[in-house]
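Here are a few short exercises to work through with the model open beside you. Try each task before reading its solution.

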Amino acid sequence: MANNALNISIHNVTKTYGDFYALRDVSLDVTSGEFLTLLGPSGSGKTTLLMVLAGFINPDYGSVKFGDEEVVLKPPHLRGIGMVFQNYALFPHMNVEQNVGYPQKLRGVSKENTKISVEEALATVKLDGLGHRQVDELSGGQRQRVALARAIVFKPKILLMDEPLSALDKKLREEMQIELRQLHDRLNITTVYVTHDQKEALTMSDRIAVINDGQLKQLDTPNQIYRSPSNAFIADFIGESSLLSATVKNGIASLGSSKLKGNQKLSKDGDFLLVIRPEKLFIASKKARDANHFEGVVEDSIFQGESQLMVIKLDPKTYGEQSLRMRLPNSSSTLSELPGIGDRVTLGLKIVDSYFVEKSHGGS
Amino acid sequence: MAVLEHNINEVSLSRLEKRENYTFFGLTVPYLVLVGAMIIIPIGWLFFLSFIGRDGSFSFENYERMINSKAYLRIFLTTFKISLLTTFFCILLGYPLAYFMSQISRKWASLCMIGVLIPFWTSLLVRTYAWLVLLQKKGLINNIAIDLGIITEPIKFVHNTSGTLIGMVHIMLPFLILPLYANMRAIDSHCVKAASSLGATPVRAFWTVFFPLSIPGLLAGSLIVFVLCLGFYVTPAVLGGGRVIMAAMKISSNIELYFSWGAASALGVVLLVVTMIILFIASKLVSLDQLGQRR
């Protein structure tokens, strides 16, 4: 299973249903061996795009290439992709072995070789020895693994996954995220993964393609997307954030009557939003040059296990009616210093963590 | 104190549970009475009658006649042949239709379902006589075919096996389609998609995945059709024109023509036993729950 992964190039793919654009002119390249996540809320078009890759939905126009080969007109069964469905889609009338061996049987692989490859695939997903189980005897996590084994048994060069973990409980899901990622690294298959869970996308991906309203909104590494979201939708959708309304004039941002320093060049005047990640805020004992500061009153303080979430109402005279969320780690040293509800606080946000996005007009 | 309170609760809670159980049992009483009075007792009475000979004493003569008479053997063979053929043609016509309905959107499928159900809700006699009007020598179909010059002599559609089959297939078709369609709707469409993503051609995906998953519905539907056919009376009587004699018709003639309740009862008992045996065998193949409900 050496370096034989395929790259995928998607060009100007558009799909409409009546007046509704499920996909609007999407172009996107997936490099070979990459783990790319299509991330978006439900109805954003991410699954439609995956189905276009799989061949179950034909776009109105546009091109899909696997390697150098144009596949947009190819039916699904000739595309040679492995696919894991949201509800696993295991064949209930076959046992585990027969499920995993199904693609091999279709390809006319001999019985002995099928047996070997099935055992190998089951071992890869850590299900050795469960070949004779019936599908309905398996737990959700095990079914997930069988679906995965079935999708990789014929050594496809591209693996597509449609929210494969969404039916699992949180703990198992988090374990599987890491396991899937390790499996991808081991098998070196170009993987396109669909999820609506931004944390899952951040955890697993080499790059994330954020899709909304059928359009590609941003394509970047998890780190970049988190640090510098390209618009208000992404800032709000990925990670926790407080968005404060700010105005920019002559390259200087201001929040109410207070001036703000930012980490980027603001060449355009207009309404902007300051993206504040709750964990980046800190309680400032004195004002520093490398930070922006906000004055306010603690409105609420919520214990959440590993951290303490605080809602701070900013001084309405200076900032207008706006509030902030701040997250402080719950270590014993900070616990005693935490301000109580009703206390006045000065919050600091490092300039490197101060990031502005344009305030959206209309939908996008 | 805590223990005592706990015990008090236990007693009153178990009393509550008992009361609920009685209430639920009470709901079944009207039906049980009805079944007992209208079905169990008459069948018991028939069973008893079947062992009464012509002279009024206990005898096996009704059963002996059935074994010795060629006419009875022929009637049973006809009954099975017609039932099997009807089931076969129902599958032939019903499976593709049910498949089609399961693949289109629910909105269009409901429209198709109305098309299936309207004849189903129409009186059996009306439909049977309608077929007689359509199929007879000077009926609509023969007249049109002759006018168009397709045939010169009218084809004999009715008062024979083919007429009986046409009518019975039409009447039985909904009984096959309803459970089959319910079963097919419940098949996860992703399974077929998974098959084709794994490399199966559409035909291969159908035969290796969809068809095996539809077998429970197909068996359930076929079973209903077959068992209903075994005891079917009206349609074969009208469209068979007396030439196709099935078990139910023989029962009727035994009573109406020969006033031989004993012979009729014996035939009824045999038919009942055969049906029970078929149901028993079928229950090993397919869960009988599926006859009544969606999976």
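**Exercise 1. Find how far apart the C-alpha centres of domain 1 and domain 2 of chain A lie.**

Solution. In this predicted model, the C-alpha centres of the two domains of chain A lie 39 Å apart. To see what is being compared, colour residues 8-227 as domain 1 and residues 240-358 as domain 2.

Now repeat the step for chain B. Its domain assignment gives domain 1 as 1-49 and domain 2 as 70-292. Taken over C-alpha atoms, the centres of domain 1 and domain 2 of chain B are separated by 38 Å.

**Exercise 2. Decide whether A:Leu244 is buried or exposed.**

Solution. Start by locating the residue: A:Leu244 is in strand β11 of chain A, which covers residues 242-249. Next, count its surroundings: 21 other C-beta atoms lie within 10 Å. A residue is buried at 20 or more, so A:Leu244 is buried.

Then look for its partners. Leaving aside neighbours within four places in sequence, A:Leu244 is in contact with A:Leu255, A:Leu273, A:Leu274, A:Ile276 and A:Gln322. For A:Gly43, 201 residues away along the chain, the C-alpha separation from A:Leu244 is 27 Å.

**Exercise 3. Describe the side of chain A that touches chain B.**

Solution. First, count both sides: 17 residues of chain A are in contact with 15 residues of chain B. Second, ask which element gives the largest share on the chain A side: helix α2 (residues 96-106) does, with three residues. Third, sort the chain A side by class, which gives 12 nonpolar, three polar and two charged residues.

Notes: Residues are numbered from 1 along each chain as its sequence is written. Chains are lettered from A and ligands numbered from 1 in the order in which they are written. This is a predicted model: local features need pLDDT of at least 70, side-chain atom pairs count only at pLDDT 80 or more; totals for chains, interfaces and linings use all residues. Helices (H or I, at least four residues) and strands (E, at least two) are DSSP runs, numbered from the N terminus. A residue is buried if 20 or more other C-beta atoms lie within 10 Å of its own, exposed if 12 or fewer, and partly exposed in between; C-beta atoms are placed from the backbone. Two residues are in contact if their C-beta atoms, placed from the backbone, lie within 7 Å. Ala, Val, Leu, Ile, Met, Phe, Trp, Tyr, Cys and Pro count as nonpolar, Asp, Glu, Lys and Arg as charged, and the others, Gly among them, as polar. Domain bounds come from an automatic or database domain assignment.
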